[in-house]
Amino acid sequence: MSVTAWTNAAKFGGHVAATESRTALQPFRLALASRHLVRRTTNPSSVIVLPGLAGNDASTIPLRWYLQRIGHQVEGWELGVHGPDIMDTLQRFTRRLEQAVDEAGRPVVLVGWSLGGVIAREVTRDRPHLVSQVITLGSPINGIRHTSAPWIHDEPSHQTIDRINAQRRRRPMRVPITTIYSRRDGVVDWRHAIDEHTPGAVNIEVASSHMGLGIDPDVWRIIADTIDD
């Protein structure tokens with residue numbers, strides 16, 4: 001890693017530590033709200049939850065447990081640790097989604113956290129008949145340069161991803177889209193986690209840190225309500 005990359009990485013770490021410290025409070029908020037969250041769904045759905053960058057299915061266990069608890073059929077993405085190669089991940093998850101829909105016999109709901117939401121949106125753009133709706137949590141839908149970790153890719157990669165984003169956005173999304181974002185997000189610029197391009201997209205603000213989105217009671221409630229609509 002170059003000196004510049006190390007410097008940027010250090011800045012990123014300090015920024016996250018300062019802005020994401022409130023994540024430590026999330027379990028307490030969740031415990032206090034738990035009795036109000038447990039309810040049975042009126043619209044049982046098949047759901048896949050996608051983790052963020054460097055995360056795996058272990059990171060989404062609490063959210064998946066909750067959605068199962070209220071009556072949905074819920075699975076992880078089953079692709080291991082989420083790496084930074086977006087196009088490779090998109091191809092791999094497309095195959096995973098096709099298999100899941102074959103087994104479920106119906107389109108599925110995709111819930112994507114951070115970069116997982118980007119993958120969920122783009123596979124839906126390519127295969128809208130496989131997805132009933134998409135819900136993103138703090139996802140940099142306008143490109144990774146709008147995160148606090150742009151050092152993960154070099155500038156040529158940013159330009160390539162921006163070009164791909166611009167090309168793909170010409171094809172509109174044809175399923176319901178809900179984005180959940182927070183102005184307290186210390187990783188993704190909230191202004192680039194909302195969807196201003198898709199007609200009918202619903203953008204909902206919460207007060208969570210980025211790392212806490214998967215265990216935030218307000219996020220859980222919004223996801224449950226959105227799936228049931």
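A residue is called buried when its relative accessible area is under 20%. By that yardstick W220, at 5% relative accessibility, is buried. Keep that word in mind, as it comes back throughout this briefing on a predicted model. Of the 229 residues in the protein chain, 51% count as buried.

**The overall layout**

- The protein chain has 7 helices and 6 strands.
- If you walk along the sequence, the elements come in the order α-α-β-α-β-α-β-α-β-α-β-β-α.
- Take the contacts in the protein chain between residues at least 6 apart in sequence: 74% of them join residues at least 24 apart.

**Aromatic rings that pair up**

- A pair of aromatic rings is described by the distance of the centres and the angle of the planes.
- This model has 3 aromatic pairs.
- One of them is Y66 with W220: the ring centres are 4.8 Å apart and the planes meet at 15 degrees, so this pair is stacked.
- Y66 sits in helix α3 (residues 61-69) and W220 in helix α7 (residues 217-228), so the pair links parts of the chain that are 154 residues apart.
- Y66 is buried too, because its relative accessibility of 2% falls under the 20% cut-off.
- Another pair, W77 with F93, is tilted, with 6.5 Å from centre to centre and 35 degrees between the planes.
- W77 belongs to the loop between β2 (73-76) and α4 (86-104), while F93 is in helix α4, so this pair ties together parts 16 residues apart in sequence.
- W77 and F93 are both buried.
- W190 has a charged partner: R183 lies over the face of its ring, 4.0 Å from the ring centre.

**H82 and its surroundings**

- You'll find H82 in the loop between β2 and α4.
- H82 counts as buried, with a relative accessibility of 1%.
- A polar atom of the H82 side chain lies 2.9 Å from the backbone oxygen of P51.
- Setting aside neighbours within four places in sequence, H82 is in contact with P51, G52, L53, A54, G55, W77, T89, L115, G116 and I119.

**Nonpolar cores**

- In soluble globular proteins, nonpolar side chains tend to be buried together.
- The largest nonpolar core here has 25 residues, and the members that touch the most others are I48, L50, F93, L97 and L110.
- The elements giving two or more residues to this core are β1 (46-50), α4, β3 (108-113), α5 (115-126) and β4 (131-137).
- Helix α4 gives the most, with 6 residues.
- L50, leaving aside its neighbours within four places in sequence, is in contact with T60, W77, F93, L110, V111, G112, W113, G116, I119 and A120.
- Apart from the largest core lies another of 22 residues, including L37, V74, V111 and I227.

**Two helices to look at**

- Helix α4 has 19 residues and reaches 26 Å from its first C-alpha to its last, close to the 27 Å expected at 1.5 Å a residue.
- Buried residues in α4 include I86, T89, L90, F93 and L97.
- Just after α4, G105 has a positive phi of about 75 degrees.
- Helix α7 has 12 residues that should span 16 Å at 1.5 Å a residue, and the 17 Å between its end C-alpha atoms agrees with this.
- In α7, 9 of the 12 residues are buried, so the helix is largely enclosed by the rest of the structure.
- Among those buried residues are P217, V219, I222, I223 and I227, as well as W220 from the stacked pair.
- At the start of α7, a side-chain oxygen of D216 comes to within 2.8 Å of the backbone nitrogen of D218.

**Unusual backbone angles**

- Most residues other than glycine have a negative phi.
- A54 is not a glycine, yet it has a positive phi of about 70 degrees.
- A54 is in the loop between β1 and α3.
- Is A54 buried or exposed? A54 is exposed, because its relative accessible area of 59% is over the 50% cut-off.
- S114, also a residue other than glycine, has a positive phi near 55 degrees.
- S114 is in the loop between β3 and α5, and at 10% relative accessibility S114 counts as buried.

Definitions and conventions:
Residues numbered from 1 in each chain as written. Predicted model: local features only at pLDDT ≥ 70, side-chain atom pairs only at ≥ 80, totals over all residues. Heavy atoms only, no water. Phe/Tyr/Trp six-rings, centres within 6.5 Å; stacked < 30°, edge-to-face > 60°. Helix = DSSP H or I, 4+ residues; strand = E, 2+ residues; numbered from the N terminus. Buried < 20%, exposed > 50% of the residue type's maximum accessible area, 1.4 Å probe, protein only. Lys NZ or Arg CZ within 6 Å of the ring centre and 35° of its normal. Polar contact = N/O pair within 3.5 Å; in protein donor to acceptor, adjacent residues only side chain to side chain. Contact = heavy atoms within 4.5 Å. Core = buried A, V, L, I, M, F, W, Y, C linked by side-chain atoms within 4.5 Å. Expected span 1.5 Å × (residues − 1).
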